[in-house]
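This report describes selected features of the structure shown below. It considers two acidic residues and a group of paired strands.

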Amino acid sequence: MAIDKNTMKYRWSEIDWVRINKKNEQYHLATIAQDSFIVGFSLYSYSFEQSHLLKIAVHKDCQRKNIATELFFRDCLRLKELNVSNIYLEVEESNEAALSFYIKHGFRMLTVKKNFYSDGLNANAMSLQLK
């Protein structure tokens, strides 16, 4: 996806995107479009009551316009319909914008995963209980 390549520090290759179709997990992919152009997307894996937020991204020209918040709220509704009660994620510990977004939406810090990313940076593991 072009948004992934243009907005994410840790981009997935085409092979990564193909791989998610071959796993035995279930996925929830959501998009938001404006004028027939996808401006944001989110991707979760889920199993039983657990969900893992793999990616959420908004086109650079559309950031700071509550698109991620709208997408996240839609995702929460859909995940509840799928009987998911918990969302888990990892976020780079220096990504202040993302950390602020997740904290604002009720995520709590679980632990720091040392050397989580390919470049050796740490990730904060976070969780949200859906109500």
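## Asp 75 and its surroundings

In this predicted model, Asp 75 touches His 28, Ala 30, Ser 42 and Tyr 44, when residues up to four places away in sequence are not counted. Asp 75 belongs to helix α3, which spans residues 67-81.

The relative accessible area of Asp 75 is 1%, so this residue is classed as buried, the cut-off being under 20%. Between the C-alpha atoms of Asp 75 and Leu 29 the separation is 8.8 Å, although the two residues are 46 residues apart along the chain.

## Strand β6 and its partners

Strand β6 comprises residues 123-129, and six of its seven residues are buried, so the strand is largely enclosed by the rest of the structure.

Two strands pair with β6. Strand β4 (residues 86-92) does so in the antiparallel sense over seven bridges, with Ala 125 of β6 as the bridge partner of Glu 90. Strand β5 (residues 108-113) is also antiparallel to β6, over five bridges, and here Val 112 stands opposite Asn 124.

## Glu 90 in strand β4

Glu 90, a residue of strand β4, is buried, with a relative accessible area of 17%. The side chain of Glu 90 makes polar contacts with two other side chains: that of His 52 at 2.8 Å and that of Lys 113 at 3.0 Å.

Leaving aside neighbours within four places in sequence, the residues in contact with Glu 90 also include Phe 116 and Tyr 117, together with Ala 123, Asn 124 and Ala 125.

Key: Residues numbered from 1 in each chain as written. Predicted model: local features only at pLDDT ≥ 70, side-chain atom pairs only at ≥ 80, totals over all residues. Heavy atoms only, no water. Buried < 20%, exposed > 50% of the residue type's maximum accessible area, 1.4 Å probe, protein only. Helix = DSSP H or I, 4+ residues; strand = E, 2+ residues; numbered from the N terminus. Pairing = 2+ DSSP bridges. Contact = heavy atoms within 4.5 Å. Polar contact = N/O pair within 3.5 Å; in protein donor to acceptor, adjacent residues only side chain to side chain.
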